[in-house]
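Reader: Before I rely on the labels attached to this model, I would like to hear the reasoning behind them. Could you take me through it?

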Amino acid sequence: MLRVGQGFDFHKLVSGRRLILAGVHVSYEKGLDGHSDADVLTHSVMDALLGAAGLGDIGLHFPDTDQQFKDADSMELLKKVCRLIREKGFEIENVDITIFAQEPKLHPYRKTMEDNLAHAMGISNDRINLKATTTEKLGFIGRREGLGSSAIVLLIQKH
Ligand code: MG
């Protein structure tokens, strides 16, 4: 049985925070604000996985009111999500991600991000595709006030 899932996330860019995307520290003058490490890319992937498996969303599993998730490493949360979906008998066929960022240029980090995600998810990196786009300077992303990410995954139920 095939199951598709989508995930979206947005976070605000602020001074004094590190910019972490797919577990990679990206060199930039601002970082994303949030309760955890605010890894918007990884959050969108987790929501897509949970959605496909019918397991709700990350707010349900890792509430931002819970102090144990303060400054949490989202790559560790992603590993937990992958354990949950495998417990339900699912395997990951592929993941396609689009990150929305006016700045910074993410191309130099693309391969490392894909490798990081593949490692955390326990799949080969050819099952992950990461894309980036600007919003042509439109809206809050165009004004460099925040970043967004969209992910879609396909799961196969093995048992
Ligand atoms: Mg988030």
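Author: Let me begin with a definition: a residue is called buried under 20% relative accessible area, exposed over 50%, and partly exposed in between. Please keep in mind throughout that this is a predicted model.

Reader: Why is Arg-110 called partly exposed?

Author: The relative accessible area of Arg-110 is 31%, and partly exposed is the term for values between the limits of 20% and 50%, so Arg-110 is given that label.

Reader: What makes the contact of Arg-110 with Glu-114 a salt bridge?

Author: The term asks for a side-chain nitrogen of Lys or Arg within 4 Å of a carboxyl oxygen of Asp or Glu, and the closest N and O atoms of Arg-110 and Glu-114 are 3.4 Å apart, so the pair qualifies. Both residues belong to helix H4, where a spacing of 4 residues separates them by about one helical turn. Glu-114, at 8% relative accessibility, counts as buried, because the limit for that word is under 20%.

Reader: How do you know that Glu-93 and Arg-127 form a salt bridge, and which parts of the chain do they link?

Author: Their side chains meet at 3.4 Å, N to O, which is judged against the cut-off of 4 Å. Glu-93 lies in strand S5, whereas Arg-127 lies in the loop between helix H4 and strand S6, so that this pair, 34 residues apart, links distant parts of the chain. Glu-93 has a relative accessibility of 32% and therefore counts as partly exposed, and Arg-127, at 31%, counts as partly exposed too.

Reader: Why is the pair of Asp-96 and Lys-131 said to tie together parts that are 35 residues apart in sequence?

Author: Asp-96 forms a salt bridge with Lys-131, with the closest N and O atoms 2.8 Å apart. Because Asp-96 lies in strand S5 and Lys-131 in strand S6, the salt bridge ties those parts together. Asp-96 is partly exposed at 26%, and Lys-131 is partly exposed at 33%. By the same cut-off, the count comes to 10 salt bridges, and Arg-17, Lys-70 and Asp-71 are linked in a network of them.

Reader: What makes S5 and S7 paired strands?

Author: Pairing requires at least two bridges between two strands, and 10 bridges join S5 (residues 90-100) to S7, the two running antiparallel, so they are called paired. Within this pairing, Asp-96 stands opposite Ile-152 in S7. S7 (residues 146-157) also pairs with S1 in the antiparallel sense, over 11 bridges, and there Gly-7 has Ala-151 as its bridge partner.

Reader: How do you know which residues coordinate the magnesium ion?

Author: A donor here is an N, O or S atom within 2.8 Å of the metal, and Asp-9 (OD), His-11 (NE2) and His-43 (ND1) coordinate the magnesium ion at 2.1 to 2.2 Å, so these atoms are counted as donors. Along the chain they follow the spacing D-x1-H-x31-H. Asp-9 and His-11 are both buried.

Reader: Where does His-43 stand with respect to the largest pocket?

Author: The largest pocket holds about 270 Å³ of space, and His-43 is one of the residues closest to its centre, together with Ser-36, Ile-58, Phe-62 and Asp-64, out of 15 that line it. Strand S1, helix H1 and helix H2 each give two or more residues to that lining, which by class has 6 nonpolar, 6 polar and 3 charged residues.

Note on methods. Residues numbered from 1 in each chain as written. Predicted model: local features only at pLDDT ≥ 70, side-chain atom pairs only at ≥ 80, totals over all residues. Heavy atoms only, no water. 1 Å grid on protein atoms, 1.4 Å probe; cavity = no way out; pocket = protein on both sides within 12 Å on 5 of 7 lines; lining within 4 Å. Points joined across faces, edges and corners; volume = space filled by probe spheres on them. Nonpolar A, V, L, I, M, F, W, Y, C, P; charged D, E, K, R; others polar. Buried < 20%, exposed > 50% of the residue type's maximum accessible area, 1.4 Å probe, protein only. Donors = N, O, S within 2.8 Å, 3.2 Å for Na, K, Ca; no water.
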